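Visitor: I'd like a close look at one part of this model, with the surroundings filled in afterwards. Please keep it informal.

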Amino acid sequence: MSKGGVQKTSKVFLIIGMSMLLLYTVSLLIPTFWAIITSFKERLDFITNKFGLPKVWTFDNYINAFDLLQVTVYDSLGRKDVYLSRMFFNSVIYALGCGFAHTLAPCLVSYAVAKYKFKFSGFIYNFVIVAMLLPSVGTLASEISIVKGLGIYDTFFGMFIMRFSFLGSNFLIFYAAFKSISWEYAEAGLMDGASHFKIFTQIMLPLVKTTFGAIFLLSFITYWNEYTTPMVFLPSNPTVAYGLYCFRFSPKSAITAVPMQMTACLLVSFPIFVVFVIFKNKIMGNLTMGGLKG
Amino acid sequence: MKALKKVLALTMALGTALSMTACGLGEHRENYDPNKTLLKVGLMEGGIGRVWMDEIIANYKAKNPDVDVEVVYEKELYNHNNLLTSISTSGIDVYFVNDIYMHEFVAKDYFMDITDLVGQQYEGEASILDRMNVDVLKESYEINDKYYAIPYYMATFGMVYDIDLFEEKGFYFTADGTFVNPNSFTDGVYTGAGTLSAGPDGKTGTVDDGLPATYSQFKSLMEYMSLYNVDAFTWSGKDLYYRQRLLAAWWADYEGVDNWNLNLTFSGYDTGLKETITPETALKLQGQKGKQYATQFAYDVVRGGYFDDAAYNSGSQTHTAAQDEFLASCNTSNPTAILAEGQWWENEAQDTFNGMAKDDESLAYGTRRFGMLPVPKADDTAFAGAKSAERNTVIVGGGRSVVAINKKTEKADLAKDFFLFANSADSMALFTKYSGCVRPYDYELTTEQYNYMTPFQKSTYDLVFDENTDVAFLDVMACDLRINNTSFFHDWMWRSKLPQGTTDDPLTGFKDYSKATVAQYIQGLKDYYTTWPSN
Amino acid sequence: MKGIKNGIKDFFYDISVKLTPKNKKTKSHSAAKREALIFYICILALPILQMCIFYIGINVNTIKLAFEKYNPDTGQYVWNGFNNFKDFIISLSTTTVMPYAIKNSLKLYLIGVFIGLPLNLIFAFFLYKKVPGTGFFRVILFLPQILSGVVTSIMFAYFVEGAVPAIFEKMGVADFPNLLSGPVYTFPTIIFYCLWSGFGSQLIIYGTAMSGVDESLIEAGKLDGLSTFGEFFKIIVPLIFPTITTYLVIGIAGFFTNQASLYNFFGQNAQEYTQTLGYYLFVKVVGSKATLGDYPVASAAGLIFTCIAAPLTILVKYLLERFGPSVE
């Protein structure tokens with residue numbers, strides 16, 4: 001089906017499309033290549049030669065990064081040095097769990113609000129909007145006391161609970177997605193005696209699979225790159241993002257030198273890059289929707 | 001392609017798992033001897049470094065074999081807000097941190113009362129309180145007649161100049177007022193024709209001989225430098241405080257320490273303005289001629305182009321990048337002569353020194369010579385506060401730095417003992433030996449310790465402790481109005497409402513607005529503050 | 001947990017059906033409604049609970065703070081009535097940064113809506129139509145989101161401040177200005193940066209929405225002689241309009257909170273002419289100049305913004321749904 005579409009797509013369109021995309025690609029790849037080249041430069045070389053090729057190509061930055069990108073954590077048991085591999089592991093758990101929680105909660109609530117016309121739904125919808133506009137100022141102290149009071153401070157599970165919030169733009173995106181699905185699907189199912197729960201899990205959820213996947217991917221990446229919250233609430237298990245943050249503000253000028261910073265950033269971004277390359281088709285999908293006919 | 005991706009993912013997962021198991025699940029725990037009492041010290045890690053603390057601790061452990069000490073080095077986590085959040089549960093016993101607002105910590109009862117501690121003698125030495133030698137500090141650290149913290153460090157700030165470059169290009173004045181010939185120094189001694197001028201202190205045979213003594217000399221020096229394709233100045237484009245401190249050095253030297261201190265205490269008589277200043281009328285201080293002097297200097301630098309272009313890279317020129325530029329520029333055709341920096345800068349830039357030394361040993365840390373360029377005296381000698389013309393006033397930071405004991409400590413006696421040890425004269429000497437910075441107390445260095453320092457560190461040490469020098473603190477909480485309105489007063493010294501727009505420092509303001517004048521800037525300092533806090 | 005609960009409900013329902021005589025298909029209306037209600041409650045239970053604890057519980061604090069003042073002597077917050085609001089409104093006219101912040105926030109927002117959003121739509125459409133190299137372009141367009149904001153802003157800053165003048169110098173143009181400094185160039189450059197590094201999340205969402213469009217509609221359009229451009233304007237855009245609406249609605253909140261990566265570039269010392277409202281509030285609370293005394297006025301400011309933005313948002317949503325192209 002799609003092959004036929006491409007053949008009939010106008011040539012003008014293709015040319016314009018390709019040129020715009022290429023232009024943007026070039027504008028993005030040049031600084032990216034610069035970043036990569038810089039990561040292979042010696043520090044002094046960079047000071048006097050910011051944009052040329054390295055006088056000496058060196059892997060030192062990468063080798064040293066593994067040593068230096070280690071974080072020292074002080075917890076109740078004493079001092080602990082956490083290495084890159086462990087931080088990587090922490091990041092994966094953190095991003096997966098938080099991403100999933102942050103995707104699931106709005107999915108559940110927006111479904112209820114979009115499809116079930118109780119008065120409460122309207123209230124929730126407006127509440128979400130107001131909540132998005134209300135800035136959270138000076139709430140850190142109360143957050144800490146609540147989290148400690150519940151006994152979930154410094155645990156991964158605690159972080160997942162904190163992230164199980166339906167507030168935010170994800171709610172609106174799911175809402176739009178669910179709104180555009182006709183209720184006829186559900187009617188058919190209800191008539192056959194299926195429970196609401198079955199309708200949700202077996203009919204509706206699959207229909208928003210790509211949206212769910214897209215939001216999850218975006219959340220995963222956000223949480224992978226986030227360091228402010230884990231810094232405060234999960235101090236014993238630092239993530240690579242926190243390692244990067246320590247790197248950025250390190251007092252040692254060898255670490256804050258630009259070649260080293262580029263190295264660290266590239267190292268930290270590489271896993272996400274791989275994940276994205278693997279899953280990009282699933283997310284920006286080419287799934288067809290044939291629900292009503294089937 | 002799919003298979004490749006799967007292989008890639010698998011490899012990454014495996015690699016992680018393997019490297020984790022190799023290093024004990026990716027973590028390594030430092031275990032301290034359970035038979036010893038463990039003391040935890042928190043140290044703010046900055047340009048000052050940590051070598052001095054390590055040695056003090058080694059000495060302490062040698063003296064107290066049943067004690068072990070763990071040091072926590074943090075930077076961002078020890079800024080004011082983060083520390084406020086973490087101190088009550090951190091388990092740290094003694095803190096050494098840079099600028100915080102101590103009063104908030106005291107109000108929340110986070111610091112232990114150490115009034116007795118600072119008054120008591122330690123091993124035959126005078127007490128900490130007696131050795132504190134800056135009055136305005138002594139007063140500001142006293143809260144409700146008690147002491148909860150003492151000052152941690154003191155570091156001067158100013159114009160760091162490249163002595164080797166100056167000698168090579170001949171950037172010195174002879175007694176006749178002409179420039180010396182290039183390369184007329186051997187081993188730091190002038191071997192050219194005539195003698196060097198007396199310099200700002202007016203005495204020959206001192207370390208500032210040949211340096212510009214008056215403002216017009218300074219200006220002509222900057223012009224002369226540009227003829228040689230030398231940029232006079234560079235600074236950090238990104239860090240506002242470096243530019244502000246550079247100008248504060250000029251301002252303080254003109255006014256002298258007594259008039260300068262009015263900006264901290266808001267009470268007293270200003271000999272320049274010939275007015276009594278009170279907290280309600282403190283806005284008048286914007287009219288101090290010293291500030292105008294500094295602004296004029298900024299104006300001339302900007303309009304004359306006597307700076308390296310990178311200094312204005314506000315997105316990318318951090319203070320360490322500025323150091324690197326300054327150091328590396330000596331090998332280029334467009335060197336930079338002066339860097340606006342603090343006493344700790346060589347410590348911070350050690351890696352760059354080491355890197356450059358690999359190719360050329362004369363550029364190594366401790367071998368290359370730098371000095372602090374004294375602020376020239378203003379041309380107008382009619383200044384009523386004539387005392388400032390004879391004295392050397394240097395600007396220093398650290399007026400809000402803190403050494404304190406955590407109220408929640410569970411080892412109070414040990415913490416107090418360590419506190420006294422780490423703030424004894426001997427420990428302070430170690431501090432200076434390794435960091436090059438000083439502490440606002442009386443103490444002395446041994447010859448060996450003194451010689452350990454680099455030429456720059458030695459010269460600034462001499463400068464700060466010279467009997468002719470007065471020390472002017474950049475920021476001290478010495479006035480209730482300022483304590484109660486820390487936000488308001490954070491930028492009040494330099495924020496100006498120019499007709500063209502508002503700016504936070506003259507160096508940027510004059511660059512952004514090509515039509516701005518000095519008079520407009522000074523007027524703008526007052527215009528910005530249409531309301532003034534009342535209590 | 002939820003699954004178990006619903007499973008139990010399901011089980012009981014089955015039993016109740018078996019026990020009830022008569023036709024399943026003529027279930028009474030109220031029974032059906034009750035059933036829907038039970039499901040509704042179950043699905044909402046945990047998220048609402050979480051919200052009560054973590055959102056309401058914590059954000060009551062913000063509202064409370066807006067009416068308080070910090071007392072430096074006791075370290076506590078005390079009641080201050082409406083003074084914070086008054087102070088903030090007065091400062092609007094006296095603080096020199098406000099006119100800039102408002103203007104800049106407005107510029108940022110409008111460019112985001114009238115240039116950024118269409119660009120995202122267009123690029124998403126190209127990818128949807130599978131121009132050659134789609135897989136490759138998808139990765140490229142998303143690259144700025146993958147590399148953290150730190151990397152892209154460092155890259156951009158070095159380029160703009162270092163490489164660009166050098167390149168122009170080689171081409172014979174001396175004294176090319178530093179695009180990230182000065183009142184004339186800085187903010188436009190920042191806006192460009194936001195657009196340039198901002199493809200990604202919108203792209204994915206639009207792409208997902210587009211892929212959900214029924215192929216048969218496209219086929220029908222082609223049979224009617226619709227060109228590719230027509231396909232875009234007459235079919236795709238109307239069908240994914242709810243998603244676009246979502247972004248426009250979200251964007252209104254963004255007007256007040258977008259700090260345009262300024263902190264990444266300039267730390268807390270961004271010049272006044274380049275600040276936005278979001279940045280101003282952010283620095284008031286997070287910067288190292290911030291003390292406990294700053295939180296109350298920042299809270300008050302936030303509340304005022306909310307009171308302006310909330311009705312605006314609802315209004316925009318209503319207008320878009322009423323007057324936007326409909327699915328028909």
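Visitor: How many salt bridges does the rule find across the interface of domain 1 of chain C and domain 2 of chain C?

Guide: Zero salt bridges turn up across that interface, a salt bridge being a side-chain nitrogen of Lys or Arg within 4 Å of a carboxyl oxygen of Asp or Glu. Keep in mind that this is a predicted model, where local features need pLDDT of at least 70, side-chain atom pairs count only at pLDDT 80 or more, and totals for chains, interfaces and linings use all residues. Residues are numbered from 1 along each chain as its sequence is written, chains are lettered from A and ligands numbered from 1 in the order in which they are written, and side-chain values use heavy atoms, with hydrogens and water left out.

Let's start with the two domains. Chain C splits into domain 1 (2–66) and domain 2 (94–323), with bounds that come from an automatic or database domain assignment. Four residues of domain 1 of chain C and five residues of domain 2 of chain C make up the contact, meaning heavy atoms within 4.5 Å. Together the two domains bury about 370 Å², and carbon and sulfur atoms account for 80% of that; buried area here is the accessible area (1.4 Å probe) that two parts lose on being put together, summed over both. On the side of domain 1 of chain C, 87% of the area buried against domain 2 comes from C:Thr62, C:Leu65 and C:Ala66, more than from any other three residues.

Polar contacts give zero residue pairs too, counting pairs with both residues at pLDDT 80 or more. The rule there asks for a pair of N or O atoms within 3.5 Å; within protein, one must be able to donate a hydrogen and the other to accept it, and residues adjacent in sequence count only if both atoms are side-chain atoms. By class, the side of domain 1 of chain C that touches domain 2 of chain C has three nonpolar residues, one polar and no charged ones. In that scheme Ala, Val, Leu, Ile, Met, Phe, Trp, Tyr, Cys and Pro are nonpolar, Asp, Glu, Lys and Arg are charged, and the others, Gly among them, are polar.

Now move along chain C to the loop between helix 11 (241–257) and helix 12 (262–266), where C:Ala260 lies. Helices (H or I, at least four residues) are DSSP runs, as are strands (E, at least two), numbered from the N terminus. C:Ala260 has a phi near 50°, a positive value in a residue other than glycine. C:Ser261, in the loop between helix 11 and helix 12 of chain C, likewise has a positive phi, near 60°. Most residues other than glycine have a negative phi. C:Ala260 is buried because its relative accessibility is 3%, while C:Ser261 is partly exposed at 25%. For these words, buried is under 20% relative accessible area, exposed is over 50%, and partly exposed is in between (1.4 Å probe, protein chains only).

A bit further on comes helix 13 (residues 277–286) of chain C, which is mostly covered, with seven of its ten residues buried. Among them are C:Leu277, C:Tyr279, C:Tyr280 and C:Val283. The cover over the buried residues of helix 13 includes helix 3 (80–86) of chain B, along with helix 4 (97–128), helix 11, helix 12 and helix 14 (295–323) of chain C.

Chain C also meets chain A, with 103 residues of chain A in contact with 95 residues of chain C. The two chains bury about 9,200 Å² between them, 79% of it on carbon and sulfur atoms. Chain A and chain C share zero salt bridges, but six residue pairs are in polar contact (both at pLDDT 80 or more). Helix 2 (residues 11–39) of chain A gives the most to the side that touches chain C, with 19 residues. That side of chain A sorts into 70 nonpolar, 26 polar and seven charged residues.
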